[in-house]
Amino acid sequence: MNAKMRTLIAAALVIGIASGPAVAHAASVPAPVSAPVSAPSASERIAPMVSTPPNAAALEAAIAGLGPRHKDATAALVRVGGTAGCWKGSSGVADIRTGRDAVEQGRFRAGSVTKVFTAAVVLQLAAEGRVDLDGPVRRHLPGVLPDRYGAVTVRQLLNHTSGIPAADGPGDSFEAQWEHRFDVTDPLAQVANAVAKEREFAPGSAQHYLNINYTVLGVLIEKVTGMRYEEAVGARILRPLGLHRTSFPGRTETRIQGPHNRGYQAIPKADGSRELRDVTEWNSSDRWAAGDIVSTTADLERFTVALFSGRVVPKSRLEEMFTVPDVTDFASGEPAVMTAGLSRTVLPDGTVAWGKTGGRHGYNTAIGATRDLSRTLVYSVNATDAKGQDMNPVALGVIMAAFTK
């Protein structure tokens, strides 16, 4: 693949996000014979979107040599699945101080992958007749959005076409965010701060991927269900699917509970070297329903299969997650790619993948699959610049190895 194509794919996927290097630990396993998938359409029965087994050599190469001396990542956890076969692997170190191997079943901050869970709960409520996707948000949340935002619908929050601007934060630089890493943020205060500004565009006329849309949806979930957001997701998704290693830290917890690989941010030094600063402990309340979840690759793979199979969101509403609004991106002017919770990516061979990336300092994550589940992918990469403008090269390499023939 040429450099231009890799750049285009990386740009489409960014949204959303000591000892020496360890070698990759990988295992190829046969495809599960009882994977719960939805009944395929006539075209899908003719030919699966991906029919070749995962390229084990390419996947091993994509995550080889990670550790404190690697330019882009200290560790990676990868699971590739689907009807053509499965592969899983890990590489790097769990802790640069001890140099111990990465924890293959370790937990990690999944960032904006949280939005998929939030969208799924809202679509469940819509299927139950408790939320009107085309109705104004203020019908469910009177007083939360001012009159000039009155036309915003629930669907427009889901697909980022609301026009609501971002809430103010400590700043975009890592050091500014580092200084405020233990701040506790109130969701309603975030919303009030955002809607005190003028809207960016008329609702439904453009797409701008912003966390504030899902912060409002978290508030809506609490209002409609009468439960805390975290409790609603737990009751509706985590417990029914047996996602026992997936959790929300909540407003005050700064640690990752359970076994995990520590996250690091590379800080340039005056002499040209770098410091790897430990960023594992962090308060994520400013992300809340948009990016606060902690999970494992196994749990996220199970969730992805269940979601695409129609076992999380009723099939009457599932199409919302595979429908891109016919608008352009507010910043780039390019066609929109985000849906209700997911994004659409066309790979170089024409394969269409749907999924979601997420980034928190020290952690880049993604879930993705073809619509027919012939290929699935979940990864966590301990990127040393996880919130950078460009996609992490290790993560991009994993995606290309997982989906290309």
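## Local packing and charge pairs in a predicted model

Thr365 is found in strand β10, which spans residues 363-370. The model is a predicted one. With a relative accessible area of 0%, Thr365 is buried. A polar atom of the Thr365 side chain lies 3.3 Å from the backbone oxygen of Arg109. Arg109 is also among the residues in contact with Thr365 once neighbours within four places in sequence are left aside; the others are Phe108, Ala110, Val113, Leu300, Lys356, Thr357, Gly358, Tyr379 and Ser380.

**A buried arginine**

Arg107 lies in the loop between β3 and β4, the latter covering residues 108-111. What is the nearest side chain of opposite charge to the buried Arg107? That side chain is Asp299, 7.2 Å away, and Arg107 has no salt bridge. The cut-off for a salt bridge is a nitrogen to oxygen distance within 4 Å, so a pair at a distance beyond that limit is not counted. A polar atom of the Arg107 side chain does lie 3.4 Å from the backbone oxygen of Gln257. Not counting residues up to four places away in sequence, Arg107 touches Gln257 along with Ile256, Gly258, Pro259, His260 and Asn261. Its contacts also include His244 and Arg245, as well as Val294, Ser295 and Thr296.

**Nonpolar cores**

The largest nonpolar core has 72 residues, of which Phe117, Leu158, Ile237, Phe303, Leu307 and Met321 touch the most other members. Helix α4 (residues 114-127) gives the largest share of this core, nine residues. Phe117 is in contact with Val233, Ile237, Leu238, Leu243, Ile293, Leu300 and Phe303, leaving aside its neighbours within four places in sequence. Apart from this core lies another, of 27 residues, among them Leu59, Val78, Val394 and Phe403. In soluble globular proteins, nonpolar side chains tend to be buried together.

**Helix α3**

Leu59 also belongs to the buried residues of helix α3 (residues 56-63), together with Ala62 and Ile63. Seen down the axis of α3, these buried residues fall within an arc of 80°, so they line one face of the helix. They pack against β2 (73-81), β3 (86-92) and α13 (393-403). On the face of α3 turned away from the buried side are the exposed residues Ala57 and Ala61. Just after α3, Gly65 takes a positive phi of about 75°.

**Positive phi outside glycine**

Most residues other than glycine have a negative phi. His160 has a positive value, near 60°. His160 lies in the loop between α6 (154-158) and α7 (174-179), and its relative accessible area of 2% makes it buried. Trp288, also not a glycine, has a positive phi of about 40°. Its place is the loop between β6 (274-278) and β7 (293-295). At 5% relative accessibility, Trp288 counts as buried.

**Salt bridges**

The count of salt bridges comes to 20. The table lists some of them, with the N to O distance.

| Pair | N to O distance |
|---|---|
| Arg97 and Asp95 | 3.9 Å |
| Arg130 and Glu128 | 3.6 Å |
| Asp147 and Arg138 | 3.4 Å |

How do the partners in these pairs stand with respect to the surface? In the pair of Arg97 and Asp95, Arg97 counts as exposed at 66% relative accessibility, whereas Asp95 counts as buried at 9%. In the pair of Arg130 and Glu128, Arg130 is partly exposed at 37%, and Glu128 is partly exposed at 42%. Asp147 has a relative accessible area of 68% and is exposed, while its partner Arg138 is partly exposed at 39%.

Which residues are linked with Arg130 in a network of salt bridges? Glu128 and Arg236 are linked with Arg130 in that network.

Notes: Residues numbered from 1 in each chain as written. Predicted model: local features only at pLDDT ≥ 70, side-chain atom pairs only at ≥ 80, totals over all residues. Heavy atoms only, no water. Buried < 20%, exposed > 50% of the residue type's maximum accessible area, 1.4 Å probe, protein only. Helix = DSSP H or I, 4+ residues; strand = E, 2+ residues; numbered from the N terminus. Arc of directions from axis to C-beta. Contact = heavy atoms within 4.5 Å. Lys, Arg positive; Asp, Glu negative; His and termini not counted. Polar contact = N/O pair within 3.5 Å; in protein donor to acceptor, adjacent residues only side chain to side chain. Core = buried A, V, L, I, M, F, W, Y, C linked by side-chain atoms within 4.5 Å.
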